[in-house]
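User: Please take a close look at how two neighbouring helices pack against each other in this model. I would then like that part placed among the other elements described for the chain.

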Amino acid sequence: MQREVFVVEKERFDLSDEKTYHLQGTWPKEHTAAAELDGKPLEVNLKQQERISALERFQDLDLVDAIRVQMEIVLPDKLEQYKKLVVYAEENGKKEVWFSIPVKQLIRRQGMPQYFIESSEVDRKLGICRVRGWAAYTKPLKVYLENSRGNRIPCEIQHLKRVDVQNQYPEAEVEEKCGFFFELHYQQLKEFYIVFEAGSIRVRRQIHLQPIQLAAEKINEYCKKGSRYLKLQGPAALAQKVVGKVKNKNKAAVIYQKWLPKHLPSKAELEHQRKEHFSWEPTFSVVVPLYKTPEKYLRALVESLQAQTYGKWELCLSDGSGADSPIRELLKQLQKEESRIKVIDHQEKLQISENTNAAIEAATGEFVVFADHDDELTANALYECVKVLNEKPETEVLYSDEDKMTMDGHKFFQPHFKPDYNVDLLCTVNYICHLFVAKKTLIDEVGMLRREFDGAQDYDFIFRCVEHAGAEKIHHIPKILYHWRCHEDSTSENPESKLYAFDAGQRAVQAHYDRIGVKVEVSKGEFLGLYRTKFLRDYDPLISIIIPNKDHIDDLKRCIDSIEAKSTYTNYEYIIVENNSEEKETFAYYEQLEAVNPKVHVVYYKGHFNYSAINNFGVQYAKGEYFLLLNNDTEIINDDCLEELLGYCTREDVGAVGARLYYEDDTIQHAGVVIGFGGIAGHCFVQQKRGFTGYCHRIICAQDYSAVTAACMMVKREAFEKVGGLSEKLQVAFNDIDFCMKLRQAGYLIVYNPYAELYHYESKSRGLEDTPEKVARFNQEIATFEKRWPDILKNGDPFYNPNLTLDSQDFSLKRL
């Protein structure tokens, strides 16, 4: 596999010590660092990066051979006598260049204000240039615009709170509002300059507006990337990458910034929605707890309600800021401007739960909509809700997809496209979150938010609502209806800032299981905000491990040896289903196995290869309460693998449980199945590196799917017998998917448990579909599956979002 690219992503001078130079980026594991000025060694301090933003965390999910580091280099006094600084990564005497920079550039930047332009977008139709970024210095900075002649350009510049930037500069007190955003109506300008000024210190950054200059900047950026890739990977790898880019131009991942405008309703659609009338037109009470909310954010929220195409709503604002509330006059003004706004004042400061409850108590609508005080709803949010309620009036809980937006409200990112109701994913992470709507009578029954869960009060509340409503009355709207304004110091962007919230989340999941009477132990998962459930047993039931086999005794031996050597669960038996082996060594091995291991039972299936029939035959000899259908070319990795599979399978509502499987090269072979991948069905996240956690961490989340592979599938006997086992009409392909579909039809859940891990050396026991007969059979099995399950193939897999593509298995956006 292609090696990872190790790069410097941020580099700067220390604000308090001009001799210290900081570097941050991805670094090859197990390497030491060396820095030189024209060959002269310098003092270097290398350590793992302490503060990592949420955006970096998402970008770094697939880091396997790299770590994120920060480095400090101490520079000498007289830099002008040197020409070049070079940083090397060293291992076993070999040095590779990680970073280099001409000394002239260092001198120009030393002691100057530091800035970063995060985005610069030119809208030529409207004649607007939008720029977002930040600037940092030891003294207060003025930020303004100039034209090429040095004359000031009038423009309102928003100064934004940027805790993440402050955290980058622990050595100095950087202004809290060091971020900036502006929209410039540039008219006849061809270029302009952003000026950062502190006393006599002045830095200018040129911004181009002409298409030819913008294209040149883009080409220059591509050249820099290409040059860096060439140095790190070599000419052959660069050529291969360029060819791949050209070939896969139409297959490239869709950029959300381009996707979103094409999937929000147009002005004409919004106008049509405003004119539409429904037979049932309930009132929505939008409840919002306030605490010293900045005016511009609160007004933005109110304006997003006023822009709703469905107008029957009320906004219940509970101000928990206390007696000296800085927003009291603003709230009075808003009430005068909008009759649908209710304000609840409090003399004392309130915590989040009691503040929200006060808003709920004031609600008079049939449905309650939950929103945060600085977020926004899309204009069609309530329309989409009332549309569903008229189609499915029994609905008691609604939730939608969501994304995040920057503090200035102009950039949208990290969309969360969710599955339909997925109880086991909900027990792993609060994926429902926003937009969340609950029927008022349901809230009356389950009670309001609980103060003891503050920090995760919404998580606990959602659990109680879905428990009481039941799956049939929960509806997911697969559309972006909510924009979550992204604070750098909120739990959404900096989880470490509110560890108590994750403790509360752990207790919320535990409380859910306690209420439904399932004995578990909940712990925190691999990342903050993820939770892991271990099921507690009263006894160890017998598991019958059913392994079809035809020759390939090396595979079978490795499979059995891994269980015998590693498994901490011991109450199992093996049913090895012999299927027309031809080598005498195979039968000798069977005899040896049965002689030395009383758990092994070899049974003989005489028919031609039919995976379904072979497993059904093996089940006839099984004595266990649970069956583990297991391919002979598998090998368990973790010692509690059987216990992890069994835990979920012991639940009454679960029919089958699948595992996380890897190819021999440590890439994903199976992490759940989505109906529709490849036209029929396919495995999720195939060939992703081990350690990569996938879209929204889905690879490492226990969750429900429509199907899992029978290469390793635990199923309870009762469920297996209820649906009549595997369909023998499907001899080779899709029999396990069909079996899971039958279990789903019978009311069972299919769970993927990532904590049961195995290698799957992939179909060594059976040849490819390489003859006319095999191809014909395969096509017939596709036709059989399509005939049996037309609805899910037509309407889409409920555990996969329709906004995501079926053309690849990585949960990327559907092609534009």
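Analyst:
**The helix pair α8 and α9**

The crossing of α8 and α9 is right-handed. In this predicted model, helix α8 covers residues 295-306 and helix α9 covers residues 328-337. Their axes lie 12 Å apart and meet at an angle of about 20 degrees. Angles under 35 degrees count as roughly parallel, and α8 and α9 are therefore roughly parallel to each other. On the α8 side, the contact is made by E295, L298, R299 and V302. Their counterparts in α9 are L330, L331, Q333, L334 and E337.

Strand β16 (284-290) comes next. Seven of its seven residues are buried. On one side these are F284, V286, V288 and L290, and on the other S285, V287 and P289, so that both faces are covered. In a regular strand the side chains alternate between the two faces of the sheet. Strand β16 runs parallel to β17, and seven bridges join the two. Within this pairing, V286 has L315 of β17 as its bridge partner.

Strands β16 and β17 (313-319) also help to cover the buried residues of helix α10. Other elements in that cover include β18 (341-345), β19 (367-370), α13 (440-446) and α14 (457-469). Helix α10 spans residues 352-362, and eight of its 11 residues are buried. These are S353, N355, T356, N357, A358, A359, I360 and A362.

Further along the chain, helix α16 (residues 553-566) has 14 residues. From its first C-alpha to its last it reaches 19 Å, close to the 20 Å expected at 1.5 Å a residue. Its buried residues include I553, D555, L556, C559, I560, S562 and I563. The buried residues of α16 pack against strands β27 (543-549), β28 (572-579), β30 (626-630) and β31 (634-636), and against helices α17 (584-596) and α19 (641-649).

A separate topic is the open sheet of seven strands, which follows the order β1-β2-β5-β4-β3-β6-β7 with antiparallel pairing. Strands β1 (8-13) and β7 (94-102) are its edges, each pairing on one side only. From one strand to the next, the twist averages 25 degrees. Within this sheet, β2 (residues 20-28) and β5 (residues 66-74) run antiparallel and are joined by nine bridges. One of the pairs links G25 to V69 in β5.

Key
Residues numbered from 1 in each chain as written. Predicted model: local features only at pLDDT ≥ 70, side-chain atom pairs only at ≥ 80, totals over all residues. Heavy atoms only, no water. Buried < 20%, exposed > 50% of the residue type's maximum accessible area, 1.4 Å probe, protein only. Helix = DSSP H or I, 4+ residues; strand = E, 2+ residues; numbered from the N terminus. Contact = heavy atoms within 4.5 Å. Expected span 1.5 Å × (residues − 1). Pairing = 2+ DSSP bridges. Axes fitted to C-alpha atoms, helices over the stretch in contact; angles between N-to-C directions. Parallel < 35°, antiparallel > 145°, perpendicular 65-115°, else oblique. Left-handed = near helix turned anticlockwise from the far one by under 90°.
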